[in-house]
Amino acid sequence: DLVKAVAERAEWTPRPVRKEPDEDNDVVQGRGFAYALYVHGPFPGKPAAWSAWVTDVAVNRSTGEVSVTRVVAGQDAGLMINPDGVRHQIHGNIIQSASRALTEQVAFEPSSVGSREWGAYPIIKFPDIPKIDVLMLPRQDQPPMGVGESASVPSAAAIANAIFDATGVRFREPPFTPEKIRAGLGRGAPARPVALFPATPPLQAEQRSPFARSRGLIAGAAALCAAVLGVAAAVLPWRSIAPITRPDVATYSAATIARGAQLAALGDCAVCHTAVNGVANAGGRAMETPFGTIYTTNITPDAETGIGAWSYPAFERAMREGIHRDGRHLYPAFPYNHFAKTTDADLQALYAHLMAQQPVRAVNREATLTFPFNLRPLMAGWNALFHKPAVFQPEPSRSEIWNRGAYLVEGLGHCGACHTPRNALGAERDAKAYLAGGFAEGWEAPPLTSLSHAPIPWNEDELFAYLRTGISRFHGVAAGPMAPVVKELDALPDGDIRAIAVYLASFGTSTSDANAQQAVATRLEISTATRDFSASAEGARLFDGACAVCHQIGGPVLFGSKPSLALNSNVHSATPDNLIQVILHGIEAPVSSDLGYMPGFKGSLNNRQVAELVAYIRQQFAPDKPAWTELEASVRRVMQVRAN
């Protein structure tokens, strides 16, 4: 009711697309809206009064000055109304939001009511309060909620939105001083430039230079210089963002923090930022890359070793641009190329969740990368080549659930970071190779497209079952790095998991229904259940002694599940890495205890025996696929990766 009343009084007409400012006019105008619920006391606090603002501003793009030209402010105040308190708070907050120098520039629309000293605010009058100059909606059935301070809560947000509407630049930290506005608009530092020469009309093209025939060369050189200067500017230390005092958790609602926890689970924050047997989100986990080892950082709100001193703009920049608060470039092992697609609202909720965690002091470890990849400034060039910090845009021709899945997968879910192959510089390959398979932490991240090697193609229902429970009847059990990912996804609602499944299934070719898939599965299992001949007699004996009790066709289900090797994606893959990993190390941490644990045989089988067992499983359960070669070397390679 309050929002509607304020919008009606202000004659608010939202624009679906921000208007483009007139480039020929230095003074641009904009309008912003914001509303908030004021909360008293420590977290989670007690809800008090609502407040809503519509604010008009004029911005001088040359000087950077901001003038608040009109405010329509409303408050839901219960039974207690104190107009003077509201007027003082609104006036004070406008000054704080702009700058103290703007005291005399704050002006309000004249009206027949209100004090000339303060300026008159457009209002909706109430019979019992005829002289009030701020819109209020008293609630006779509710206790007093207080006025004044609570009325001013949306002020900075409304003014920031109005400045954005006027300039197209988002300013997130008040005060909105002339220096800050000019810097954001790319107008340089001076607040009031002095005209050294009188204005003259632009020269005609033939008058500009006697070297007209060299225009193309000069333009090319200028573009190159601009690019070099842009990269140089990107690595300068002044790009650091000042530290802040850790935000009060009471600033955020419980719903926002809970939403942030879901987003952190989607992004696997704790999976990557927690060392083995370490404290959640305190960092220290080693990430092996082709260029060396990177250690994940502390993302708890510790002020010295974590992100407790990070403002939201610093956090957002790291997520969108891959730049640390102090100006250092982050390595793309932190998948900011995906996180950049996240909406502002979701990034703000994620920030709130991280700031609400318990601070942990844990000093970050330096990466050990080979030259020249250890030179962080070179990441500016990498970003220029491979990174586009653009928020996800829905595909109009696709369904709402498909677009939701695309947003989750391409953004915080960052599935492509593992499941898309990379080029020689570590960047994900182009769209044609998207989700076509890759390697991470010594495991193959198999193709999620029609290139999948699975005997039964993935479809929406099997993807949903796998991501929701950690097991698919036709593909196997989540193991290796995928097990903790699926475990984290438990925090997401079924609707989001279904959306992910819909999106991923759209890259496949499966059109079979459940009955047809079951028929194919039965045929494959029956045809591989009887062994007529084996290229590895030793491998057959090892399988009978170590594997058959859990994996043979028929018989009881032991240890929670009975994955079918005839259908298992790893057995049908082009590489033996995942099968070797599971045989050596087992499944120590399944998605849930219902799936049971698989023991590892690293301590009981030597490299040759593991190779014989792998060769037998491949020939027996994927007879239509070519035999893997040089298996002992593959076993040694996999063990070396795990050791590092």
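Buried means under 20% relative accessible area, exposed over 50%, and partly exposed in between. Keep these limits at hand for the exercises below, which all use a predicted model.

**Exercise 1. Getting an overview**

Task: Find how many helices and strands the protein has, and what share of its residues count as buried.

Solution: Start with the secondary structure, which comes to 23 helices and 11 strands. Next, turn to burial: 47% of the 644 residues count as buried. The surface comes after that, with about 32,600 Å² exposed, 58% of it supplied by carbon and sulfur atoms. Finally, look at the contacts between residues at least 6 apart in sequence: 66% of them join residues at least 24 apart.

**Exercise 2. Reading a sheet**

Task: Work out the strand order of the open sheet that holds S5, S6 and S7, and decide whether the pairing is parallel or antiparallel.

Solution: Three strands make up this open sheet, in the order S5-S6-S7, with antiparallel pairing. Now ask which strands stand at the edges. They are S5 (286-289) and S7 (368-369); each has a single partner strand, so one side of each is left without a neighbour in the sheet. Then zoom in on one pair: S5 and S6 (residues 292-295) are joined by four bridges. One residue to check is Thr-289, whose bridge partner in S6 is Gly-292.

**Exercise 3. A salt bridge and its network**

Task: Locate the salt-bridge partners Glu-316 and Arg-172, then find which residues share a network with them.

Solution: By the 4 Å rule for side-chain nitrogen and carboxyl oxygen, the count comes to 17 salt bridges. One of them links Glu-316 with Arg-172, with the closest N and O atoms 3.0 Å apart. Glu-316 lies in helix H9 (residues 312-321) and Arg-172 in the loop between helix H3 (155-167) and helix H4 (178-184), so the pair ties together parts that are 144 residues apart in sequence. On accessibility, Glu-316 is buried at 11%, whereas Arg-172 is partly exposed at 29%.

Now follow Glu-316 to another partner. Its side chain also meets that of Arg-320 in a salt bridge, 3.1 Å from N to O. Both residues lie in helix H9, four residues apart, which is about one turn of the helix. Arg-320 and Glu-316 are both buried. Through shared partners, salt bridges join Arg-172, Glu-316, Arg-320 and Asp-344 into one network.

**Exercise 4. A link between two loops**

Task: Explain why the salt bridge between Arg-285 and Glu-441 ties together distant parts of the sequence.

Solution: Begin with the distance, which is 2.5 Å between the closest N and O atoms of Arg-285 and Glu-441. Arg-285 sits in the loop between helix H8 (269-272) and S5, and Glu-441 in the loop between strand S8 (438-440) and strand S9 (443-445), so the pair ties together parts that are 156 residues apart in sequence. To finish, apply the opening limits to Glu-441: its relative accessibility is 33%, so Glu-441 counts as partly exposed.

**Exercise 5. Testing for disulfides**

Task: Decide how many disulfides there are, and check Cys-272 against its nearest cysteine sulfur.

Solution: A disulfide needs two cysteine sulfur atoms within 2.5 Å, and by this rule the count comes to zero. For Cys-272, the nearest cysteine sulfur is that of Cys-418, 7.7 Å away. Seen from the other side, the closest cysteine sulfur to Cys-418 is in Cys-272, too far for a bond. Both sites can be placed on the accessibility scale: Cys-272 is partly exposed at 21%, and Cys-418 is partly exposed at 32%.

Note on methods. Residues are numbered from 1 along each chain as its sequence is written. This is a predicted model: local features need pLDDT of at least 70, side-chain atom pairs count only at pLDDT 80 or more; totals for chains, interfaces and linings use all residues. Side-chain values use heavy atoms; hydrogens and water are left out. Two strands pair if DSSP finds at least two bridges between them. Buried means under 20% relative accessible area, exposed over 50%, partly exposed in between (1.4 Å probe, protein chains only). Contact means heavy atoms within 4.5 Å. Accessible areas come from the Shrake-Rupley method with a 1.4 Å probe; for residues, only the protein chains shown count as cover.
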